[in-house]
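User: I'm new to reading protein models. Could you take me through some of the words people use for them, and show me how each one is decided?

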Amino acid sequence: MVDGILDMTAADMTGSSGDHAYEGLLGESYARFMDSPWLQRLDAWLLGMKVDRYYEGVLSQLSRLGSGPHLDLPAGGGPFLRHAPAYRHSGPWLLADLSWTMLRRLRQKCQSMGLRDTFLIRADARRLPFNTGAIGNIVSLFGFHCFHEKDRVFSEMRRCLAPEGRIIASTLTTDGSALSRFYLRLHERDGTFATDNSLDELQHHALAHSLDFHLVQRLGAAILFEARHAVR
């Protein structure tokens, strides 16, 4: 336990991941960027998406969550903590990220909001520290495009997900405009984003792990999707 954050990363995994944790100045800059409405809208314009439609779509999905516990991974700056009633009334919530910087900022945000049924965990998406079937629902908002080993991430999410649970996720894809593809390539070069971010590739990884993939909403270069255990 460090600063009220439970570190549950596996010793043999730490430092070996291709995922680029938003630490230090990068993490602080990203968090401040995402807390700024006008910068969010500028970012959304580059990606050909409308912020209002995105928030409406995610809030609609979160309002239909079943019983917990719920896992938010990567929790990042917690952009929906102040907007979604589910974070107050549908817990417990496990807010997980690989970045100490993001988790410490999240701790401050949760404390300022008086959120009590939330627990901060440092975890690697490729080896989640939870028992099989222990997580009621998994929320992953704008995180999949950062996962360099999506096959392992889908495998772990499916393992931890309760039989009736849902994965609710949004991510950037390479299926948008030329401007948005250029934007993604810039982040791919510095390792922040992974390279396998097409809709077809996401569907392939999900189906390979017996997850039914459902596209909820297309928002320019971004998508909002849901996945469940496949019914055989």
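Analyst: Let's start with Phe142, which sits in the loop between strand S5 (137-141) and H6. Please keep in mind that this is a predicted model.

User: Is Phe142 buried or exposed, and what makes it so?

Analyst: Phe142 has a relative accessibility of 19%. Buried means under 20%, so Phe142 counts as buried. Leaving aside neighbours within four places in sequence, Phe142 is in contact with Met49, Tyr54, Ser170, Thr171, Leu172 and Ala222. Its backbone deserves a look too: phi is positive, about 55°, although Phe142 is not a glycine.

User: Which other residue that is not a glycine has a positive phi of about 55°?

Analyst: That would be Ser210, found in the loop between H8 and strand S7 (211-219).

User: Why is Ser210 called partly exposed?

Analyst: Its relative accessible area is 22%. Buried needs a value under 20% and exposed one over 50%, so Ser210 falls in between and is partly exposed.

User: What makes Glu226 count as buried?

Analyst: The same kind of test works here. Glu226 has 12% relative accessibility, and the limit for buried is under 20%, so Glu226 counts as buried. Glu226 belongs to strand S8 (residues 222-229). Apart from neighbours within four places in sequence, Glu226 touches Gln61, Arg166, Ile167, Asp212, Phe213, His214 and Val216.

User: Why are H6 and H8 called oblique to each other?

Analyst: Helix H6 (residues 150-160) and helix H8 (residues 199-208) pack at an angle of about 45°, and their axes are 9 Å apart. Angles under 35 degrees would count as roughly parallel, and 65 to 115 as roughly perpendicular. An angle of about 45° fits neither range, so H6 and H8 are oblique. H6 passes H8 in a right-handed crossing.

User: Which residues make that contact?

Analyst: H6 brings Lys150, Asp151 and Phe154, while H8 brings Leu202, His205 and Ala206. By type, the residues of this contact are 3 nonpolar, 1 polar and 2 charged.

User: How do you know that the bond between Gly68 and Pro69 is cis?

Analyst: Look at omega, which is about 5° for the cis peptide bond joining Gly68 and Pro69. Pro69 lies in the loop between helix H3 (51-62) and strand S2 (70-72). The peptide bond from Gly91 to Pro92 is also cis, with omega near -5°. Pro92 is in the loop between helix H4 (86-89) and strand S3 (93-97).

User: What makes a group of residues a nonpolar core?

Analyst: Its members must be buried residues of certain nonpolar kinds, joined through side-chain atoms within 4.5 Å. In soluble globular proteins, nonpolar side chains tend to be buried together. The largest nonpolar core here has 41 residues, and Tyr54, Phe80, Tyr87 and Leu95 touch the most other members. Helix H5 (residues 100-113) gives the most to this core, with 6 residues.

User: What does Leu95 touch?

Analyst: Not counting residues up to four places away in sequence, Leu95 touches Asp72, Ala75, Leu81, Tyr87, Leu103, Leu106, Cys110, Thr118, Phe119, Leu120 and Ile121. Apart from the largest core lies another one, of 28 residues, including Ala123, Ala125, Ile138 and Ala206. We have met Ala206 before, on the H8 side of the contact with H6.

Terms used:
Residues are numbered from 1 along each chain as its sequence is written. This is a predicted model: local features need pLDDT of at least 70, side-chain atom pairs count only at pLDDT 80 or more; totals for chains, interfaces and linings use all residues. Side-chain values use heavy atoms; hydrogens and water are left out. Axes are lines fitted to C-alpha atoms, for helices over the stretch in contact, and angles run from 0 to 180 degrees between N-to-C directions. Helices (H or I, at least four residues) and strands (E, at least two) are DSSP runs, numbered from the N terminus. Angles under 35 degrees count as roughly parallel, over 145 as roughly antiparallel, 65 to 115 as roughly perpendicular and the rest as oblique. A crossing is left-handed if the near helix is turned anticlockwise from the far one by less than a right angle, and right-handed if clockwise. Contact means heavy atoms within 4.5 Å. Ala, Val, Leu, Ile, Met, Phe, Trp, Tyr, Cys and Pro count as nonpolar, Asp, Glu, Lys and Arg as charged, and the others, Gly among them, as polar. Buried means under 20% relative accessible area, exposed over 50%, partly exposed in between (1.4 Å probe, protein chains only).
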